[in-house]
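Work through the following exercises with the sequence and the model side by side. Each task is followed by a solution in steps.

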Amino acid sequence: MKLVLACLTAAALCAPPAWADYLVPTRTIRAKAVVNAEDLALKKGEILGALSEPSEVIGMEARVALYAGRPLRAGDIGPPAIVERNDLVTLIFRQGGLSIAAEGRALGRGAAGEAVRVMNLSSRTTVTGRIAQDGSVEVN
């Protein structure tokens, strides 16, 4: 059994590399810009960790500057931010049947589901909450 595993491992290590398509930007895309279909091209090659599916990238926001011809990686993109720094947002606290809403100012930016710090404008205290799909911030 060990001999069979050793042979299979050796065959896998000596196998020729698999060539696949990977995505590259066709132009430099600034951080915080949304990626469109015309911004992407497919190249053939072997790049570990590079994205290869355009549907995973189109409509996402560049987290860092993306340079033309360089492979796109999962950490380079993310969902578009719906709350920007200094935006006025609604803070919502829910517990059981109780729901309290207050006005706040975002101290950071983020997409739905991400954590963001917000200053409550009434009490001037800073709280952290999760951004909801509608742009409000839910505080626990």
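## Exercise 1: Overall architecture

From the N terminus on, the order of elements in the chain is α-β-β-β-β-β-β-β-β-β. The model is a predicted one.

Task: State how many helices and strands the chain has, and what share of its residues is buried.

Solution.
- Step 1. The secondary structure amounts to one helix and nine strands.
- Step 2. The chain has 140 residues, and 28% of them count as buried.
- Step 3. The exposed surface comes to about 9,000 Å², of which carbon and sulfur atoms supply 56%.
- Step 4. Among contacts with a separation of 6 or more, 42% are between residues 24 or more positions apart.

## Exercise 2: Confidence

Task: Give the average pLDDT of the chain and the share of residues that score at least 70.

Solution.
- Step 1. The average pLDDT is 88, and 86% of the residues score at least 70.
- Step 2. Residues 3–16 have a pLDDT below 50, and in the model this stretch has zero contacts beyond near neighbours in sequence.

## Exercise 3: Nonpolar cores

Task: Identify the residues of the largest nonpolar core, then list what Val35 touches beyond four places in sequence.

Solution.
- Step 1. The largest nonpolar core has 10 residues: Leu23, Ile29, Val35, Leu40, Leu51, Val57, Ala62, Leu66, Leu72 and Ile77.
- Step 2. Leaving out residues up to four places away in sequence, Val35 touches Ile29, Leu40, Val57, Ile58, Gly59, Met60 and Leu66.
- Step 3. Another core, of nine residues, lies apart from the largest one and includes Val89, Leu91, Ala106 and Ile131.

## Exercise 4: The C-terminal strands

Task: Describe how strand 8 pairs with strand 7 and with strand 9.

Solution.
- Step 1. Strand 8 covers residues 126–131 and pairs with strand 7 in the antiparallel sense over five bridges. Within this pairing, Val118 is opposite Val127 of strand 8.
- Step 2. Strands 7 and 8 form a hairpin with five residues between them, and Arg124 in the turn has a positive phi of about 65°.
- Step 3. Strand 9, residues 137–139, pairs with strand 8 in the antiparallel sense over two bridges. Here Ile131 stands opposite Val137 of strand 9.
- Step 4. The hairpin of strands 8 and 9 also has five residues between its strands, and Gly135 in this hairpin takes a positive phi near 95°.

## Exercise 5: Surroundings of Leu107

Task: Locate Leu107, decide whether this residue is buried, partly exposed or exposed, and list its contacts beyond four places in sequence.

Solution.
- Step 1. Leu107 sits in the loop between strand 6 (98–106) and strand 7 (115–120).
- Step 2. Its relative accessible area is 29%, so Leu107 is partly exposed; the class runs from 20% to 50%.
- Step 3. Apart from neighbours within four places in sequence, Leu107 is in contact with Arg85, Arg117, Val118, Met119 and Thr126.
- Step 4. Thr126 is 19 residues from Leu107 along the chain, and their C-alpha atoms are separated by 8.9 Å.

## Exercise 6: Salt bridges

Task: Say how many salt bridges the structure holds, and work out which parts of the chain are tied together by the pairs Lys44 with Asp21, Arg109 with Glu61, and Arg63 with Glu114.

Solution.
- Step 1. The structure holds seven salt bridges.
- Step 2. One of them joins the side chains of Lys44 and Asp21 at 3.2 Å, N to O. Lys44 is in strand 2 (residues 40–45) and Asp21 in strand 1 (residues 20–25), so this pair ties together parts 23 residues apart in sequence. Lys44 is exposed at 67% relative accessible area, whereas Asp21 is partly exposed at 32%.
- Step 3. Arg109 and Glu61 also meet through their side chains in a salt bridge (3.2 Å, N to O). Arg109 belongs to the loop between strand 6 and strand 7 and Glu61 to strand 3 (residues 61–62), so the pair links parts 48 residues apart in sequence. Arg109 is partly exposed at 26% relative accessibility; Glu61, at 4%, is buried.
- Step 4. A salt bridge of 3.2 Å, N to O, joins the side chains of Arg63 and Glu114. Arg63 is in the loop between strand 3 and strand 4 (77–78), and Glu114 in the loop between strand 6 and strand 7, so parts 51 residues apart in sequence are tied together. Arg63 is partly exposed at 30%, and Glu114 is partly exposed at 26%.
- Step 5. Glu61, Arg63, Glu84, Arg109 and Glu114 are linked in a salt-bridge network.

Notes
Residues numbered from 1 in each chain as written. Predicted model: local features only at pLDDT ≥ 70, side-chain atom pairs only at ≥ 80, totals over all residues. Heavy atoms only, no water. Buried < 20%, exposed > 50% of the residue type's maximum accessible area, 1.4 Å probe, protein only. Contact = heavy atoms within 4.5 Å. Core = buried A, V, L, I, M, F, W, Y, C linked by side-chain atoms within 4.5 Å. Areas by Shrake-Rupley, 256 points an atom, 1.4 Å probe, with all protein chains shown as cover. Pairing = 2+ DSSP bridges. pLDDT = per-residue confidence, 0-100. Salt bridge = Lys/Arg side-chain N within 4 Å of Asp/Glu carboxyl O.
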